[in-house]
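Here are my notebook entries from a first look around. I wrote them for anyone opening this for the first time.

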Amino acid sequence: MANDVLRATIRDLFRFSLSFRFGSIILMIVGILLLLSFFSPFESDDRRVVPRNKPPSQEFILGTTGTGQDGFWLLTFAIRNTLMVSGVAVLIGRTIAVMVGMLTGYLGGKTDRVISSIVDSIIVIPRLPLLILIAAILQGEMTVLSLALLLGILDWAHPSKRYRAMILSLREREFTHTAIFSGMNAVKVVVQEHLPFLIPLLLADAVAGFLWAIGMEVTLSVLGLSDLSTPSIGTLIFWGNYHHALLRGRVWILAAPIAASVLMVVGFYLVSLSLSEYLDPRTRLSRLTMEE
Amino acid sequence: MTLLKEFILPRFAQWLIVIFVGVTITFIIPRLSPVNPVTETLARMQMYQNIDPEAVQAMRATLLDLYGLEGSVLEQYVNFWKRVLKGDLGPSLASFPLSVNQLIGVSIGWTIGLLGTSILIAWTLGMTLGSLAGYYPNRWWSEGLEKSLITVYPVPYYILAFVLLMAFTFYLPIFPLIGGARGTAAFTWEYISSVLYHGFLPALSIVIGATAHRFIMAKALTTTEKSSDYVQYAQMAALPQRKILFYYVTRNTLLPQVTDLSLSLGALFGGALIAEFVFGYPGIGTTMYTAINNGDYNAIMGITLLSIVGIATASLLIDLIYPLIDPRVRYR
């Protein structure tokens, strides 16, 4: 049943939304690149397996790096790692956000006011300097996983406000009262009755998290503050700059990760745009009237 | 009175919470770290030169004092607050005789100038274009504008700035690679034009991202507002379109935009930091970059603390403007 709804939704999106079509095609390409990393003929840390600093050719589609790595296969690893970091970050961030949002939204009253004003304060705090401080102090100890953890912990305040607003409106609905009067406890009401309503919002919101996390991964790596021995979009650019790829005329080393990052974020953004447009009742109404 | 009690006081309390949370976080982070900053700094200093063991001991004591690592955690915390309230961020570890305050003092003006100008330009541009595109959604220019800004919007700040750097200082070298101005500061055309010339690319990179954000929001708000009854009434009354859009619709979309600006200030500041170190602009971002490369934890800590306080204060000021433009708050 749920599967059918999902399939119908995707079919609708594909048919009516240009941005969904473009976005999903781009994401599919990114996904294929990610999967290819598992079939790479080289390990991600194999050095000097191919001739060094060769421009793109038929043999090496994206050229080779100064350390003798194949640009194309390295890029597939980079995409995998960057998406892994941002995926874990999004998962952690949204989990905290959902919990905080549900708690404040459902409990209401004084608890809500106290937690909400703390959340409002946390939103104002600029996150990049904070990230830089933490990463600089952890320098050397930073792993891919700890970076993901760090990004996740810093990215929950904004979404939690949105979930809170949603729960606030759900709390006043008839079915909530029915559930309470029939003896369900608060946790059960929130998880079983309210969570399903949050899921669409959560999906569109997760993409915003991906965009932020990818941007921060790139920024921290370029500053030399992440695990530089693991290939990621950011570390590829870092090493490219470190070896003065631009000044030596080896643009392909930088162009590949830049193009990949742009593809990734644009793909995600287009899909989320079409999703939130699809979920917005106002545009859905206008779409329905258009179809008639 | 109600304005003060219901709007200004809670907002002020929130500002105090931000400062408290910010100072506490900057206090806790270095203490949770598995790396001891004191040993780390000492190791770094001894890497390149031999230092007399006694001097090392003295230095260790100074560093412990500097990081406020003496005494119980509570004592440390109280001392940290005392220092912060005095506005003393301690000495810089990398460029020693200078204090962090001095380091920041030299660069903060550049950052405020760059960020302030960029926000102003992006705000005006994004609001105007977004309102127009929302009001006339089916023209070729509004569709083209929307498509291009939607493509630019999600691109990470660093990538955007770096591509601009590659394009306009390397392949098409019409802008300088580094620096904020030429010559000594003076109120002459030569100096001012060099400031504008050097600031153009960093500002452009911030403006593009910020305009895209503002545009998308303005367009969505205008589209919603356009279906209001009063707009249809005004159209039936044959008021000039320009007047309907800029006198009524845009003024109504202004409020959420102001709230959003105060909330997104932190992200904009982050963008400015990135733009500065990409373009070697002499602001706080570059100072922070140098501090990272030199392992100057104290400077990074100082800049983090200052940016939290600065952004919180700026967003407080923006929110305090709110009653001036919202008659509902003013006349209640």
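**Entry 1: ground rules.** I began with burial: a residue is buried if 20 or more other C-beta atoms lie within 10 Å of its own, exposed if 12 or fewer, and partly exposed in between, with C-beta atoms placed from the backbone. I took helices (H or I, at least four residues) and strands (E, at least two) as DSSP runs, numbered from the N terminus. This is a predicted model, in which local features need pLDDT of at least 70 and side-chain atom pairs count only at pLDDT 80 or more, while totals for chains, interfaces and linings use all residues. Residues are numbered from 1 along each chain as its sequence is written, and chains are lettered from A and ligands numbered from 1 in the order in which they are written.

**Entry 2: helix α6 of chain A.** I tried the burial rule on α6(A), residues 144-154, where A:Leu147, A:Ala148, A:Leu150, A:Leu151, A:Gly152 and A:Leu154 are buried. What do the buried residues of α6(A) pack against? I found α3 (71-107), α5 and α9 (186-222) of chain A. For contacts I used this rule: two residues touch if their C-beta atoms, placed from the backbone, lie within 7 Å.

**Entry 3: the two chains.** I counted twelve helices and zero strands in chain A. Chain B has 13 helices and zero strands. The C-alpha atoms of chain A fill a box of roughly 70 × 55 × 30 Å along the principal axes; for chain B the box is roughly 85 × 55 × 40 Å. Of the 292 residues of chain A, 44% count as buried, and of the 332 residues in chain B, 37% do. Among contacts with a separation of 6 or more, residues 24 or more positions apart account for 69% in chain A and 73% in chain B.

**Entry 4: where the chains meet.** I looked up the interface next: 44 residues of chain B are in contact with 37 residues of chain A. On the chain B side, α1 (2-32), α6 (140-152), α7 (157-171), α10 (241-279), α11 (284-294) and α12 (297-325) each supply at least two residues. Which helix gives the most to this side? It is α12(B), with ten residues. By class, the side of chain B that touches chain A has 34 nonpolar, ten polar and no charged residues. My classes were these: Ala, Val, Leu, Ile, Met, Phe, Trp, Tyr, Cys and Pro are nonpolar, Asp, Glu, Lys and Arg are charged, and the others, Gly among them, are polar.

**Entry 5: helix α11 of chain B.** In α11(B) I noted B:Ile284, B:Gly285, B:Thr286, B:Thr287, B:Met288, B:Ala291 and B:Ile292 as buried. They pack against α5 (127-137) of chain A, together with α5 (100-135), α10 and α12 of chain B. I picked out B:Met288, which counts as buried because it has 29 C-beta neighbours inside 10 Å. Leaving out residues up to four places away in sequence, B:Met288 touches A:Ile132, B:Leu273, B:Ile300 and B:Ile303. After α11(B) comes B:Gly295, whose phi is positive, near 65 degrees.

**Entry 6: two helix pairs.** I checked α7(B) against α10(B): they pack at an angle of about 30 degrees, with their axes 9 Å apart. Axes here are lines fitted to C-alpha atoms, for helices over the stretch in contact, and angles run from 0 to 180 degrees between N-to-C directions. That angle makes α7(B) roughly parallel to α10(B). B:Tyr157, B:Tyr158, B:Ala161, B:Phe162 and B:Leu165 in α7(B) meet B:Gly271, B:Ile274, B:Ala275, B:Val278 and B:Phe279 in α10(B). This contact has nine nonpolar, one polar and no charged residues.

The axes of α5(B) and α10(B) come within 9 Å and cross at roughly 140 degrees. That makes α5(B) oblique to α10(B). The cut-offs are under 35 degrees for roughly parallel, over 145 for roughly antiparallel, 65 to 115 for roughly perpendicular, and oblique for the rest.

**Entry 7: the cores.** A nonpolar core is a set of buried Ala, Val, Leu, Ile, Met, Phe, Trp, Tyr and Cys residues joined through C-beta atoms within 7 Å. I found 137 residues in the largest one, where A:Leu131, A:Ile132, B:Ala161 and B:Ile300 have the most contacts. Apart from it lies another core, of 13 residues, among them A:Val100, A:Trp156, A:Tyr163 and A:Ile167.
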